[in-house]
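Trainee: I have a model open and want to learn how to read its features. Can we walk through a few?

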Amino acid sequence: MTESQRQPTLRQALTAPGTLRLLLASALVGIPVSLIAFVFIGFEHKLQHWVWESAPEALGYSVSPWWWGLPTLALAGLLAAPVITRMAGAGGHVPVFGIGGATTTPRELPSVALAALVCLPLGVILGPEAPLMALGSGIALICVRAARRAAQPQLTAVLGMAGSTAAISTIFGSPLIPAVMVLEAAGLGGVRLVVLILPALVASGVGALVFTGFGHWTGLSIGSLALPQKPPTELLDAADFLWGIPMAALIGALVAAGKLLGLRTHRLVGVSAVRIILCALAVGISITAYALATGRSPGEVALSGQIVIGALAADPGAWAVGSLVALAVFKLIGWGIALGSLRGGPIFPAITIGAAVGIACGSLPGFGMAPALAAGICAAGVAATRLPVTGVVLAAALLGKDAITLMPLMVISSVAALLVEVLLDRPRASGVEIDVGDAKTG
């Protein structure tokens, strides 16, 4: 009997009693995880609003003053240092090593929650996705008895993964993005899978461009796997690619520089509480330098950047090119330091940097603002995660209906950014991006 004949069919695999029980367990786990994640994010946003809006207003400021980041980040360092250095779990994985670490045990949950609640609202330039994934996996394991976890390690890995995806779906607003993220990050084909995906992305991007272009130029009808819709009001042209590809390469280089800074910071900090506090102060100095250089609110550089991305997309003309460059530079510096010393996720700050670079480049001759923003967001997301399909899907979700028209540029930009980031980024000493059983990516 051949190997293929010994493999179970899809029907046999899906209808096996173990699979059905696992699906039911995953569905049941998703309920408490999602509810707790929702409450956690809601509370974190309330704290963030109080720190950066209500508290300055109570002191008589209409917006956060230029010096606001110094005391808030100093407080973040003072509170986070004992959590990271003394509590079980060290507040979660170090974000410079990816978007998630090994499955969080119930004993480590308090340190993960505390580290996120003292870092994120006080202005640390990191996102909520990594703490949410850690909390989701830990909460999922609480639902499984310790004896059963020890006897069935594969069940532990799968339910931990299910808990992580249920948790981060609350911030991505879609179950598709975390599902694609886990599927791609599991790396079932390892490096070969990535090498296979990248040519497929390039070919599909070029193919979509050719089909769209010839359909527009010739007026011929093109069959495609899509619902009928109105023709796009603005099509990509050659200038968008001539500017977009080198811009994506630049963003890949910036992300690689931020990660390198994070690695060096991590090696310097070690487990020293004093150095963690000093790193938090350095992040605060970066935030303050932006406010002094531009005259704008320090909150635009602080925090994860989710609100700033919306502001950039809604009114790009409200930002001078110098302010956009300063936003990208100072956020990159603070993000790099925070990656190696504090706790949070790496994705949203990187996307904010990409959006700022994209809009800054959107005024170049022949480069449309919408294509520049789309290419910037997509390039930064892919370079930050090293997950090309996930980065494209995430950017498409952020851009909404405009993503269909801009998809060829997004896909090719993601490949350019990933190639540059991988070439420039040094090998990491430890850590994984997502832990799914025995399949790890680092």
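Mentor: Start with burial. Buried means under 20% relative accessible area, exposed over 50%, and partly exposed in between (1.4 Å probe, protein chains only). Ala383 has 0% relative accessibility, so this residue counts as buried. Ala383 belongs to helix H16 (residues 369–385); helices here are DSSP runs of H or I, at least four residues, numbered from the N terminus.

Mentor: A caution on inputs. This is a predicted model, where local features need pLDDT of at least 70 and side-chain atom pairs need pLDDT 80 or more, while totals for chains, interfaces and linings use all residues. Residues are numbered from 1 along each chain as its sequence is written, and side-chain values use heavy atoms, without hydrogens and water.

Trainee: Which residues is Ala383 in contact with, leaving aside its neighbours within four places in sequence?

Mentor: Contact means heavy atoms within 4.5 Å. For Ala383 they are Gly252, Val255, Lys259, Ala417 and Glu421. Ala350 is 33 residues from Ala383 in sequence, and their C-alpha atoms are 8.4 Å apart.

Trainee: How many residues of H15 are buried?

Mentor: 15 of the 15, so H15 is largely enclosed by the rest of the structure.

Trainee: What should helix H15 span at 1.5 Å a residue?

Mentor: The expected span is 1.5 Å times one less than the number of residues. For the 15 residues of H15 (residues 347–361) that gives 21 Å, and the end C-alpha atoms are 21 Å apart, which agrees.

Trainee: Where does Leu261 lie?

Mentor: In helix H11 (residues 238–269). Leu261 has a relative accessible area of 30%, so this residue is partly exposed.

Key: Helices (H or I, at least four residues) and strands (E, at least two) are DSSP runs, numbered from the N terminus.
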